[in-house]
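Here's a quick briefing to read with the structure open beside you. Take a look at the model, then work through the notes by topic.

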Amino acid sequence: MALPLTKTVPKSKLHPYHALLDKLHFLFHLLATATLLCYRVTQLIRMPFLSVPHALITLAEFIFAFVWLLTQAFLFSPLTRTALPENIPPDTSLPGIDAFICTADPRKEPTLDVMNTVISALSLDYPSDKLSVYLSDDGGSSITLGALKEAFLFAEQWVPFCRKYGVVNRCPQAYFSRFITSSEFTSEQQLVQNLQEKYEAFKKRVEEACEDDNQVNSVIQNHPAHVEIISENRKDGDLPRLVYVSREKRPHVQHRFKAGALNSLLRVSGVISNGAYVLVLDCDMYCNDPSSAKQALCFHSDPEVAFVQFPQMFHNVSKKDIYDGQCRAAFKTKWQGMDGLRGPGLSGTGFYMKRKALYGRPNGQDVDEFLGLEAKRVFGASQIFIASVKGKDKPNAAPSADTLFKEAELLAGCDYEKSTQWGDEVGFSYVNKLESTFTGYMLHCRGWTSVYLCPERPCFLGCATVDLKDAMEQLMKWSSNLLQMGVSTYSPFTYGFSRMSILQSMCYGYFTSIALLSIPLTIYATVPQLCFIKGTALFPKASDPWFSLFATVYASALAQHLHEVLFTGGSITVWWYEQRIWIVKSITACLFGFIDCLKKFMGLNRRGAFILTNKAVHREQLRKYEKGKFNFQGASTFMIPLVTLPILNLVCFAGGLYRMITDNNLDEMFGQLFLSSLILVMTYQLFEGRG
């Protein structure tokens with residue numbers, strides 16, 4: 001009898017009190033919100049003429065209610081999973097795995113961080129002859145290729161050392177920064193010190209190359225394809241295969257950003273190694289647990305599982321985490337909720353994907369059709385690649401080295417995808433610039449499932465943004481493209497409803513609606529304040545029983561958020577910071593994301609600019625972040641609403657308070673007084689530039 005490979009526990013059984021509390025709160029909040037909305041609509045109907053402020057505030061509350069209702073799908077059936085890799089078959093029967101790492105610009109993505117990610121992937125606890133690591137360099141930078149060769153030379157000694165002594169933290173930068181010579185490898189102190197010296201020498205050579213302006217500025221968008229095998233894997237070797245891929249880039253040809261790079265890697269790896277599974281990593285997200293591959297394979301034994309998604313965790317998140325870099329709500333609540341609804345979406349990094357999932361549906365019928373007379377139309381003209389799609393671990397024939405390189409560079413050419421189905425029927429999707437999110441969504445629509453695995457020790461650790469400008473630009477890009485997905489023909493509210501469960505569609509619908517939150521929050525940040533200074537009441541009197549309904553809904557929402565934060569290991573301070581940054585992000589990044597999507601919808605910004613997240617952290621940025629201070633440098637665009645709205649609130653608060661005192665109408669204006677006071681409390685620290 002085969003030993004179990006996984007353990008899955010519904011959260012309702014693991015935490016029955018928590019599950020019951022969620023359901024009771026849902027019913028209570030739903031009833032209160034529905035009553036509040038009925039009150040708002042009734043008040044509008046009773047007014048002798050249309051009141052624009054009352055209409056706007058009603059619209060805001062309807063949007064709040066709509067988004068809140070979507071979030072309840074995450075709480076319906078959350079799961080907690082555990083992998084049992086000790087029960088998987090021996091190494092000789094393990095399938096091949098190809099690790100994909102993408103980088104584009106050494107000026108924004110520090111080369112040393114990229115190389116640490118590569119070395120950690122080479123060090124995975126997996127048979128060397130079954131593992132291949134591919135680095136995609138979209139910048140075609142000589143500095144990246146040179147550093148990769150240097151990284152391999154260091155890895156030749158680092159990887160055997162890690163495997164011999166069972167080192168868990170196999171990212172050299174992280175390992176040596178925490179290594180204590182008196183407590184580890186007492187009998188091998190000299191060996192470890194020698195390794196550390198070699199790493200420092202490697203690090204120095206890479207950093208010196210990065211300081212050479214001529215090399216760093218060698219990033220070009222007009223270069224031919226270049227594929228180079230840095231090392232070939234062998235059964236008797238210590239290191240996996242390492243391959244450098246720089247796909248062809250031409251100014252007049254769309255390169256499709258990261259999705260295009262990943263599809264190039266799919267094709268190139270298909271004719272070189274053709275691993276049954278692919279691991280996708282951001283260039284700054286190193287492997288923190290070498291057993292991640294075997295953990296993922298425990299769930300891939302299910303033929304319908306397309307991918308296993310690990311959470312994005314970060315090694316540089318400060319205790320205050322003023323920008324919510326840990327994304328607690330997503331990775332500790334929402335992804336577990338989706339796991340009970342046929343699985344979470346793709347997060348863009350830290351996932352193991354079945355290669356064949358990117359070629360068709362779970363039953364394989366469409367793949368069989370693709371491999372018929374229409375194979376070239378779908379996959380392109382390469383017969384060697386088409387042979388690899390048929391499901392064999394390696395290409396059908398063993399072409400010569402010259403033939404292999406020519407074929408690989410053809411597959412990495414910018415003309416190869418013309419008149420094919422790449423980015424549409426096969427591979428990572430080109431429909432939306434959030435290639436991973438949309439690809440995961442389409443896989444679920446095609447019948448695949450997924451798994452969310454969040455082990456105690458994070459399997460991957462990345463670098464969180466520690467700068468307001470970078471955090472806002474990243475969220476603006478996400479919110480704009482997600483909203484664009486929500487109003488497209490592939491909307492979860494239309495296309496998704498007919499292809500997946502209603503609850504799963506609601507989860508995806510929530511993500512596509514994030515930018516909409518900017519509307520009610522902007523209304524709440526302006527309309528009540530302007531009416532406060534004029535003496536126009538938008539809420540019931542404090543003595544009116546209806547006021548207690550508004551207070552109840554607001555307190556209920558705060559209590560739910562606080563409960564989630566405390567339940568997932570946070571504190572009241574974390575809850576407060578999340579409340580504050582949620583408002584800041586909504587009235588800045590989400591607002592600009594909404595405007596950007598609106599411009600695209602109106603045809604005013606068809607192409608749009610792709611923003612590469614800056615992962616190079618300067619000391620001054622890091623110093624401010626660790627002290628809990630906001631860094632506004634370079635964020636002038638986002639500062640417009642971030643400064644204008646609080647100043648407007650301050651002026652209206654002062655004027656409204658004066659009018660309230662002179663008119664003696666505290667009872668009538670108490671709701672707006674409280675709202676203005678709350679905004680002042682949440683924003684005064686922004687003016688001081690600290691958290």
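**A salt bridge to start with**

R205 and E150 form a salt bridge, with the closest N and O atoms 2.9 Å apart. R205 sits in helix α7 (residues 189-210) and E150 in helix α5 (residues 142-165), so the pair ties together parts that are 55 residues apart in sequence. Keep in mind that this is a predicted model. The protein chain is divided into domain 1 (15-77 + 498-613 + 632-689) and domain 2 (92-465), and the notes below go through salt bridges, the domain contact and a few single residues.

**More on the salt bridges**

- The count for the model comes to 17 salt bridges.
- Side chains of opposite charge can pair when their charged atoms come close.
- Back to the opening pair: is R205 buried, partly exposed or exposed? R205 has a relative accessible area of 39%, so it goes down as partly exposed.
- Its partner E150 is partly exposed too, at 23% relative accessibility, where the cut-off for buried is under 20%.
- R241 forms a salt bridge with E232, and here the closest N and O atoms are 2.5 Å apart.
- In that pair, R241 counts as buried at 6% relative accessibility, while E232 counts as partly exposed at 37%.
- D596 and K600 also meet through their side chains in a salt bridge, at 3.2 Å from N to O.
- Both D596 and K600 lie in helix α22, four residues apart, which is about one turn of the helix.
- K600 has a relative accessible area of 15%, so it counts as buried.

**Where the two domains meet**

- How far apart are the C-alpha centres of domain 1 and domain 2? They lie 39 Å apart.
- On the contact side of things, 28 residues of domain 1 touch 30 residues of domain 2.
- The size of an interface is often given as the accessible area lost when the parts come together.
- For domain 1 and domain 2, the buried area is about 2,700 Å², and carbon and sulfur atoms give 62% of it.
- How many salt bridges are there between domain 1 and domain 2? The count is one salt bridge.
- R328 and E578 form a salt bridge, with their closest N and O atoms 2.8 Å apart.
- Polar contacts between domain 1 and domain 2 come to five residue pairs, with both residues at pLDDT 80 or more.
- Which helices supply at least two residues each to the side of domain 1 that touches domain 2? Those are α19 (502-512), α21 (545-567) and α22 (572-601).
- Sorted by class, that side of domain 1 has 16 nonpolar, six polar and six charged residues.

**Two helix residues to click on**

- S120 lies in helix α4 (residues 111-122), and with a relative accessible area of 1% it is buried.
- What does the side chain of S120 reach? It gets to the backbone nitrogen of C287, at 3.0 Å.
- Setting aside neighbours within four places in sequence, S120 is in contact with R170, C171, Y286 and C287.
- I63 is found in helix α3 (residues 52-71) and counts as buried at 14% relative accessibility.
- With the same kind of sequence neighbours left out (within four places), I63 is in contact with L516, I519 and P520.
- For a distance check, the C-alpha atoms of I63 and G325 are separated by 26 Å, and the two residues are 262 apart along the chain.

**Positive phi in loops**

- Most residues other than glycine have a negative phi, and most peptide bonds are trans.
- D324 is not a glycine, yet it has a positive phi of about 55°.
- You'll find D324 in the loop between β10 (313-314) and α11 (328-339).
- Is D324 buried or exposed? At a relative accessible area of 17%, D324 is buried.
- S419 also has a positive phi, about 60°, although it is not a glycine.
- S419 lies in the loop between α15 (401-411) and α16 (435-445).
- With a relative accessible area of 69%, S419 is exposed.

Key
Residues numbered from 1 in each chain as written. Predicted model: local features only at pLDDT ≥ 70, side-chain atom pairs only at ≥ 80, totals over all residues. Heavy atoms only, no water. Domains from an automatic or database assignment. Contact = heavy atoms within 4.5 Å. Buried area = accessible area lost by both parts, 1.4 Å probe. Salt bridge = Lys/Arg side-chain N within 4 Å of Asp/Glu carboxyl O. Polar contact = N/O pair within 3.5 Å; in protein donor to acceptor, adjacent residues only side chain to side chain. Nonpolar A, V, L, I, M, F, W, Y, C, P; charged D, E, K, R; others polar. Buried < 20%, exposed > 50% of the residue type's maximum accessible area, 1.4 Å probe, protein only.
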